[in-house]
Each structure stands twice: as structure tokens, then as C-alpha cells.
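Here are some worked exercises to try with the model open beside you. Attempt each task before reading its solution.

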Amino acid sequence: MSRPERGREKDRAERLKQEVERLRRALAERERQLAEQARQIADKEKQIADLERQLALRQQNSTTTSKPPSSDGLAGQQRERCRRGKSRRKAGGQPGHPGHSRPLVPAERVNAIVDLIPDSCRHCQHVLRRCDAVGDPRRHQVTELPPIEAHITEYRCHRRRCPACGTTTLAPVPDEVLGQFGPQLTALIAYLTVVCRMPRLVVQRLLEGALQIPVSLGSTQAAWEEASAAVAAPYAELHAALPHEAVLNADETGHRTNGDKRWLWTFVARTFVVYQIATSRGADVLTALLGARFAGVLGSDRLPSYLTYPASQRQFCWAPLTRNLLSALDLAQTRSAKHFCREALALDRRLFRLWRRFRGDPAARGAPLTRDELIARMLPIEKRFFALGERHLDAANNDVRNLATVFFVHNQHLFTFAHEDGVEPTNNAAERALRTAVQWRKIMFGNRSDDGERAVERLLTVTRTCQRQQINALVYLTAAIAAHRRRQKVASLLQRAQTP
């Protein structure tokens with residue numbers, strides 16, 4: 001090959017080398033761009049998934065979260081009221097439905113009787129006489145309030161001078177009427193505030209408008225404080241009886257005292273309820289109230305405070321578990337996560353069907369179950385929940401993994417109700433008791449002092465316990481205030497609770 005040809009080949013090889021280098025750089029740039037685009041796509045997909053989850057969470061309602069039904073407003077998805085289609089039946093009672101009416105009170109309870117006797121026939125106007133009476137008269141009762149006015153008693157304290165020493169003696173006022181209001185009116189003010197959950201200003205207007213009793217806001221507060229002092233001893237007895245109960249249900253909610261954070265605890269026993277306001281939501285409150293170790297069955301949710309507190313037996317509430325499963329099903333993106341939630345919900349439905357049959361619920365399908373039959377039918381469900389949790393302990397979905405951990409780790413604490421008398425699968429008893437306190441809190445906006453906290457604890461405890469024992473709370477408060485003024489012992493609610 002001649003020199004010129006070699007030169008041309010060399011130039012050509014150099015150009016090809018440069019072209020290859022350019023293409024290599026272009027390919028590297030393209031790969032970098034593709035990697036950047038893949039990263040951006042992955043980020044966008046993660047962002048979209050996060051937004052979809054946030055949207056799904058905002059659309060959840062009280063059936064899938066712990067939010068109250070009152071929060072199911074326009075911001076969230078409306079709670080499904082009925083799973084069936086719209087009925088074609090007309091509104092109101094259906095044919096064959098037994099009627100309900102206000103029963104007549106006994107004749108001895110009637111204050112006045114008015115006899116209405118027809119004097120002529122409604123058809124021919126013939127004069128009717130006493131001997132024409134047929135059968136018993138039709139009874140029609142009208143209930144009316146008598147004229148309401150306060151009963152005011154004036155005590156005139158006379159003075160007498162001793163002829164022997166010249167000392168003047170003033171007759172003392174009886175202890176039970178030392179204040180301006182009698183025990184019944186004082187109890188009524190406390191009753192309207194606690195049981196009826198009426199603000200003090202509304203109580204003041206009711207007393208002035210309906211009973212013609214002028215009263216100041218300070219007087220309503222004084223009545224509240226006196227009622228609190230009157231029931232201090234019964235409250236202390238119920239408080240001391242908590243550690244000795246066989247079954248307790250506990251729950252807590254936020255509270256405020258002068259803007260400072262507090263926690264309102266409730267403990268529900270078989271026949272009484274105890275409320276306690278504390279500065280903590282931790283297990284130290286349980287230790288202070290129930291002792292170092294509770295010997296009975298403690299029903300609660302899965303708050304860490306209950307998990308760390310030592311109790312002989314536990315029963316975790318199934319209601320939040322059911323809501324968590326429904327929530328996880330709504331948010332699930334994979335087939336495995338959806339299958340887990342659906343299988344767990346199917347077992348959950350079987351569990352509560354058996355429980356309703358054991359309780360003898362008229363709406364439950366199937367014959368009522370005995371305790372032994374309930375245990376035998378519940379055992380396979382318990383094992384399936386355990387196996388389901390074990391299979392999904394390492395699930396990629398956080399919700400599924402957390403629920404699987406509950407089914408696997410706390411399995412024995414989910415089925416205590418099947419073996420122990422007086423234990424239910426839910427914590428509804430404590431939640432219903434706490435609802436009363438929450439309603440009072442939202443109306444009264446918390447407390448302003450430690451004395452106010454003690455008054456809330458005592459009066460909520462006593463009135464709720466009276467309702468649980470079917471005692472007239474107003475009558476009990478009246479008797480308690482009267483006994484307190486006479487420095488006598490107030491009737492114990494614990495003795496009533498222990499009566500078989």
C-alpha cells in the first residue's frame with residue numbers, strides 16, 4: 001500500500017474513532033437521561049400513591065376510623081346507613097306490627113277523677129238514666145304539671161335573755177338549712193348540670209323562668225361544690241373497690257384544666273362506674289388506681305399504657321380492629337393485602353354471629369349457644385386468626401403487617417370473652433360511659449381548678465353509678481346533701497353494688 005493510501009486509511013480510522021467516541025458519549029448521556037426520567041417517574045408514582053392514600057384517608061368515616069359518627073360531614077365519605085336497596089314499604093308501622101302506646105297509670109296514682117255521663121242518646125236524643133249504664137267507663141288520662149312555684153320557708157331566730165346571768169341566746173338555724181337553698185334545690189342544680197348537661201347560664205334561666213327562683217351564677221357554682229363535697233365518701237368507696245373487681249373496662253379521653261392538658265379516665269365495673277382526671281395517659285395511672293397488678297380481667301383498647309400494665313387477663317376491643325381492617329381494605333393496593341383484609345373480616349363476622357347467638361339476641365340466626373358450645377365453635381376461628389397473622393408478619397403493606405402482628409402476638413387477649421363470664425368482645429361499656437363525660441366537657445369547656453376536677457370526678461361517678469343501678473340520681477343527691485349538712489354518713493353506693 002502506497003504512502004498516500006496509508007495516510008487516507010489512518011485519517012479514516014481516526015474519524016471512525018472520533019465517531020465512536022461521540023456515539024459513546026451520546027449513549028452515556030441518553031442512559032443518564034433515561035435514569036433521571038426513571039427516577040422522576042418513580043418519585044411521581046410515590047407522590048401519586050401518597051396523595052391517593054391521603055385522599056382515601058380524608059374520605060374515611062366513622063366505620064373505618066375512631067372518629068365519632070358526628071364527624072361524618074361533607075369532608076368525608078358519607079357513612080353507609082343501610083346495605084340493602086331502598087325498600088318499597090311505606091313509612092311507619094307495618095301491617096301486623098304490635099302497637100305501642102302510653103300505658104295508663106294505676107288508679108291510686110290518679111290525683112283527680114272527673115266522671116263524664118251522657119244525659120241523652122246521641123241517636124234519638126232519648127233521656128238516659130243511671131240504670132241505663134253499660135259496662136265499665138272508658139278511662140282517659142291527661143297528665144299536666146301543677147302550678148310551679150318555689151316553696152319558701154322563713155326561719156325566725158328569736159333571742160332570749162337569761163334572768164340568772166343576763167346572757168342573750170340566739171336560736172340556731174338547723175344544719176340542713178344553713179344555706180339559702182334547701183337540699184332538694186341544691187341537688188336539682190347539680191343534677192341539671194351533670195346529668196342533663198346544661199350550662200350554668202341555662203340552669204340559671206330555667207330556675208328563674210320556670211320555678212320563679214332568682215339565682216346567680218355564683219350560687220349555681222356553690223351548689224355544684226356542695227354536691228361534690230356531699231358525695232366525697234361514696235366516691236372514695238367506689239374508688240377503693242376498683243382493684244377487687246373481677247372484670248373492668250377502661251378508657252380515657254383528653255380533658256382541660258385552665259388550658260392545661262389532662263386525661264379523663266373511666267373504669268366500668270359490673271354495677272358501678274368510676275371517673276378519674278389525671279395529668280398522665282400512662283400506665284402509672286392504672287398502677288395508682290388498680291395496684292401493682294390487677295387480678296381480674298381488664299378490657300381495653302391496645303393503647304401502650306394497657307399493654308405495659310400487668311394484668312392477670314386482658315380483653316382487647318374488637319371494634320377498632322374491625323375498623324382498622326375496613327380501613328386497610330380501602331387503602332390496599334395489592335391482591336395479597338386485599339385477600340388478608342377480606343379473610344380477616346369474614347372471620348370477624350363469624351365471631352360476632354356466634355357471640356350474638358350466645359347472648360340470645362332475637363335477631364341472631366340459629367339456636368342460642370351455651371358457654372361450652374361457644375368455646376368449641378370459637379376455637380377454630382381463634383386458630384385461623386393466629387395462622388393468618390403468622391403468614392403476613394413480613395407483609396410489605398404496613399397496615400397488613402401491623403394487624404397481622406396483633407393477631408399473632410395478642411391472639412390470646414382477643415378471645416378471653418369466650419371463656420370468662422362478664423367479659424364482652426368490645427369495650428363499648430367504657431366508651432359509652434366516656435361519651436357522657438365527653439358531652440359534658442364540650443358543653444362546660446373543662447375545669448379551672450383542682451377542686452373543679454374533683455367535683456367532675458365525684459358527680460360523674462355518682463350519677464352514672466345511680467343510672468347503672470337504676471337509682472333515681474336526683475333523689476340520691478338530695479339525700480346525700482341533707483345527710484352531709486347534718487354531718488351524717490351518706491348512703492353507700494358500694495353496698496348497693498354488692499347486694500346480690
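Two strands pair if DSSP finds at least two bridges between them. Keep in mind throughout that this is a predicted model.

**Exercise 1. Work out the strand order of the open sheet and find which strands stand at its edges.**

Solution.
Step 1. Start with the overall layout: five strands make up an open sheet, ordered β5-β4-β3-β6-β7, and the pairing is mixed.
Step 2. Look at the ends of that order. β5 (273-278) and β7 (311-316) each have a single partner strand, so one side of each has no neighbour in the sheet.
Step 3. Add the geometry: from one strand to the next, the twist averages 30 degrees.

**Exercise 2. Follow the pairing across the sheet from β5 to β6, giving the sense of each pair.**

Solution.
Step 1. Begin with β4 and β5, which run antiparallel and are joined by six bridges. Within this pair, L264 stands opposite I277 in β5. The two strands form a hairpin, with four residues between them.
Step 2. Move on to β3 and β4, which pair in the antiparallel sense over nine bridges. Here T253 is placed opposite L264 in β4. This is a hairpin too, with two residues between the strands, and N258 in the turn has a positive phi of about 55 degrees.
Step 3. Finish with β3 (residues 247-257) and β6 (residues 294-300), which run parallel and are joined by three bridges. One residue to locate is N249, whose bridge partner in β6 is G299.
Step 4. Put L264 in its setting: T253 stands opposite L264 on one side, and I277 in β5 stands opposite L264 as well.

**Exercise 3. Decide how covered β4 is, and name the helix that lies across β4.**

Solution.
Step 1. Count the buried residues, using the cut-off of under 20% relative accessible area. Seven of the nine residues of β4 are buried, and the strand is mostly covered.
Step 2. Look for the helix. Helix α13 (residues 450-468) lies across β3, β4 (260-268) and β5.
Step 3. Check the direction: α13 runs at about 165 degrees to β5. Angles over 145 degrees count as roughly antiparallel, so the 165 degrees between α13 and β5 falls in that class.

**Exercise 4. Describe how helices α3 and α4 meet, and place Q204 in the contact.**

Solution.
Step 1. Recall what is needed: two packed helices are described by the angle between their axes and the distance between the axes.
Step 2. Fill in the values. The axes of α3 (residues 200-210) and α4 (residues 217-230) come within 9 Å and cross at roughly 105 degrees. That makes α3 roughly perpendicular to α4.
Step 3. List the residues involved. From α3 come R200, L201, V203 and Q204, and from α4 come L217, T220, Q221 and W224. By type, they divide into four nonpolar, three polar and one charged.
Step 4. Zoom in on Q204, which is buried at 15% relative accessible area. Apart from neighbours within four places in sequence, Q204 is in contact with V215, S216 and L217.

**Exercise 5. Compare the settings of three salt bridges: E19 with R22, R371 with D421, and R454 with E453.**

Solution.
Step 1. Set the scene: side chains of opposite charge can pair when their charged atoms come close. The model has 16 salt bridges.
Step 2. Take E19 and R22, whose closest N and O atoms are 2.2 Å apart. These residues are three apart in helix α1 (residues 3-58), so about one helical turn separates them. E19 is partly exposed at 34%, and R22 is partly exposed at 41%.
Step 3. Turn to R371 and D421, which meet at 2.8 Å, N to O. This pair links distant parts of the chain, 50 residues apart: R371 is in helix α10 (residues 371-391), while D421 is in the loop between α11 (398-409) and α12 (428-444). R371 is buried at 19%, whereas D421 is exposed at 61%.
Step 4. End with R454 and E453, at 3.4 Å, N to O. R454 is partly exposed at 27%, but E453 is buried at 4%. Both belong to a network of salt bridges that also links R262 and E457.

Terms used. Residues numbered from 1 in each chain as written. Predicted model: local features only at pLDDT ≥ 70, side-chain atom pairs only at ≥ 80, totals over all residues. Heavy atoms only, no water. Salt bridge = Lys/Arg side-chain N within 4 Å of Asp/Glu carboxyl O. Buried < 20%, exposed > 50% of the residue type's maximum accessible area, 1.4 Å probe, protein only. Axes fitted to C-alpha atoms, helices over the stretch in contact; angles between N-to-C directions. Contact = heavy atoms within 4.5 Å. Parallel < 35°, antiparallel > 145°, perpendicular 65-115°, else oblique. Nonpolar A, V, L, I, M, F, W, Y, C, P; charged D, E, K, R; others polar.
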